[in-house]
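Trainee: Please pick out the ligand's surroundings and take me through them closely. After that, carry on into whatever else deserves a look.

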Amino acid sequence: MAEQRQEAVTADLVIRNIGELVTMRGVDHPVVAPVEKDLGIIRRGEVAVKDRKILYAGPRDSDTFTVGPKTMIIDAEGKVVTPGFVDSHTHAVFAGTREDEFMMRLQGRSYEEIQAAGGGIVRTVRATRMASEEKLQDVLRRNIFKFSRYGSTTAEIKSGYGLNTEEEIKLLRVIKEVALETDILIVPTLLGAHVVPPEFASRRRKYVDLVAKDMIPMMHENHLAVFVDVFVDAGAFTLEEGREILRAAQELDMPRKLHADQLGEGQGAELAAEMGCVSADHCEYTTEHGMKAMAKAGVIATLLPGSTLCMGQKRFANARALIDHGVPVALATDYNPGTCMCPNLMLIMALGSLHMQMTPEEVLTAATINGAAAVGRAGETGSLGVGRDADLLVLDIDDYRELPYRFGENFVRYVVAGGGVIKAPKVFKKKYFKDEE
Ligand code: NIG
Ligand code: FE
């Protein structure tokens with residue numbers, strides 16, 4: 001009896017002639033201490049996309065799909081293809097910039113000093129409260145477009161420059177509006193507990209209550225935020241306050257993140273572990289005790305070396321020790337007007353190698369599948385497995401190790417996000433990138 005062959009599906013998009021196809025083995029979980037085999041590299045590969053999902057990712061000349069008259073073909077010209085990058089920590093919705101504070105830091109003033117003198121986050125809060133939703137949408141669109149030009153196909157975006165219920169809702173609504181019009185996957189996070197706003201300075205308790213009892217239930221009920229984040233550090237929230245806020249999120253089953261141990265040893269990592277956070281972010285001052293707690297609880301360390309660099313801090317997070325203790329590491333930009341105005345996750349990967357001794361395999365994993373896991377989307381993006389979202393990049397390099405090695409260059413030739421090829425819409429070209437076109 002003749003074998004019945006299943007009819008091959010016609011692909012919508014095919015990326016052909018790939019020299020090095022980095023699949024991350026199609027896994028859907030974070031990877032600790034990745035080595036080359038974990039990248040699941042296929043030499044001379046191809047990828048097919050159907051209905052915005054990966055239909056095939058493997059060696060060339062597969063008979064699992066066909067090419068029809070409407071199939072779009074991209075010739076990778078023997079270059080590297082990777083999953084789209086995941087920027088798992090950004091504060092990309094804000095008004096105004098703070099280059100004057102940057103200048104002050106160059107003259108030796110610290111981030112904490114500037115904040116104590118009335119600068120820092122609260123300045124951006126003042127400007128952001130004054131800005132209209134339209135204006136903030138415009139800023140966010142522009143920032144997301146920048147992320148995508150550097151290869152990020154997923155971005156977590158935090159609120160945190162509103163700092164009262166109404167203004168935090170405004171920011172999360174802006175994020176939602178923009179998320180609905182882009183192929184970039186957006187994950188919204190409530191950071192109502194960024195700092196205590198000045199009007200609550202003598203009533204901290206009231207502000208913690210406002211976040212825990214008003215903002216969190218409100219955002220949850222209205223589906224405006226997926227994650228809840230808290231900045232636990234000197235000048236922001238105490239461990240006890242952080243615990244209370246995270247508990248309110250936990251009670252509603254909202255996944256949690258924590259800005260931990262950025263400015264000093266504060267047992268943020270231990271709190272993240274205790275509260276079952278998906279990630280603890282920054283971790284410059286995380287102790288061995290904190291690392292062990294994170295490893296045990298499966299907390300991802302999201303490291304943000306762009307902000308460490310921009311703040312002029314001497315101490316970068318100890319990525320090597322975190323990895324050695326069994327903690328999965330993600331890398332993100334932390335894009336924000338105070339501590340990192342860099343939208344380029346490839347440069348952050350280079351900093352991961354140059355300042356934190358991470359290997360090329362570790363930085364690539366940190367910017368793909370581990371970032372996806374840090375935003376709860378490892379089943380959808382961050383690796384190239386059949387059925388996953390078609391988020392991938394054609395990069396102008398021959399070997400993935402060039403990513404951290406040839407730092408500062410934009411290797412992105414094509415960005416495929418949510419199954420579609422991202423082009424520069426005319427509005428962006430005209431309005432934002434006139435000088436670059
Ligand atoms: O992640 N650490 C707290 N938040 C930001 C800084 C925000 C700002 O300075 O506006 C960060 O570095
Ligand atoms: Fe941050």
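**Around the ligand**

Mentor: The largest cavity is the space taken by ligand 1. A cavity here is a set of points on a 1 Å grid over the protein atoms alone where a 1.4 Å probe fits but cannot get out, and a molecule sits in one if more than half of its atoms lie within 2 Å of its grid points. Bear in mind that this is a predicted model, where local features need pLDDT of at least 70 and side-chain atom pairs 80 or more, while totals for chains, interfaces and linings use all residues. Residues are numbered from 1 along each chain as its sequence is written, chains are lettered from A and ligands numbered from 1 in written order, and side-chain values use heavy atoms, without hydrogens or water.

Now look at what surrounds the ligand. There are 15 residues around ligand 1 (a heavy atom within 4 Å), and Arg98, Tyr111, Tyr161, Gln262 and Thr339 come nearest. Three side chains make polar contacts, that is, N or O pairs within 3.5 Å. Asp334 has a side-chain N or O atom 2.9 Å from an oxygen atom of ligand 1. For His259, a polar side-chain atom lies 3.2 Å from a ligand oxygen, and for His91 the distance from a side-chain N or O atom to an oxygen of ligand 1 is 3.4 Å. Put ligand 1 on its own and it has 330 Å² of accessible area (Shrake-Rupley, 1.4 Å probe); the protein covers 100% of that.

Next, find helix α12, residues 345–356 (helices are DSSP runs of H or I, at least four residues; strands are E, at least two). Nine of its 12 residues are buried, so count them as under 20% relative accessible area, with over 50% exposed and in between partly exposed. Among the buried ones are Leu345, Met346, Ile348, Met349 and Leu351. At the N-terminal end of α12, Asn344 acts as a cap, with a side-chain oxygen 2.9 Å from the backbone nitrogen of Met346. Right after α12 comes Gln357, with a positive phi near 55°.

That kind of backbone angle deserves a word. Most residues other than glycine have a negative phi. Met24 isn't a glycine, yet its phi is positive, about 55°; you'll find Met24 in the loop between β1 (9–22) and β2 (41–50). His223 also isn't a glycine and has a positive phi near 55°, and its place is the loop between α6 and β9 (227–232). Met24 is buried at 1% relative accessible area, whereas His223 is exposed at 64%.

Finally, the charged pairs. The whole structure has 33 salt bridges (a Lys or Arg side-chain nitrogen within 4 Å of an Asp or Glu carboxyl oxygen). In one of them, Asp209 meets Arg205 at 2.8 Å, N to O. These two sit about one helical turn apart because they are four residues apart in helix α6 (204–221). Asp209 is partly exposed at 23%, and so is Arg205 at 46%. Glu288 and Lys292 form another salt bridge, with 3.6 Å between the closest N and O atoms, and they too are four residues apart, in helix α9 (288–297). Both ends are partly exposed: Glu288 at 45% and Lys292 at 48%. Arg406 pairs with Glu409 at 3.3 Å; Arg406 is partly exposed at 33%, Glu409 at 36%. Elsewhere, salt bridges with shared partners link Glu77, Lys79, Asp396, Asp398 and Arg413 into one network.

Technical notes. Buried < 20%, exposed > 50% of the residue type's maximum accessible area, 1.4 Å probe, protein only. Polar contact = N/O pair within 3.5 Å; in protein donor to acceptor, adjacent residues only side chain to side chain. 1 Å grid on protein atoms, 1.4 Å probe; cavity = no way out; pocket = protein on both sides within 12 Å on 5 of 7 lines; lining within 4 Å.
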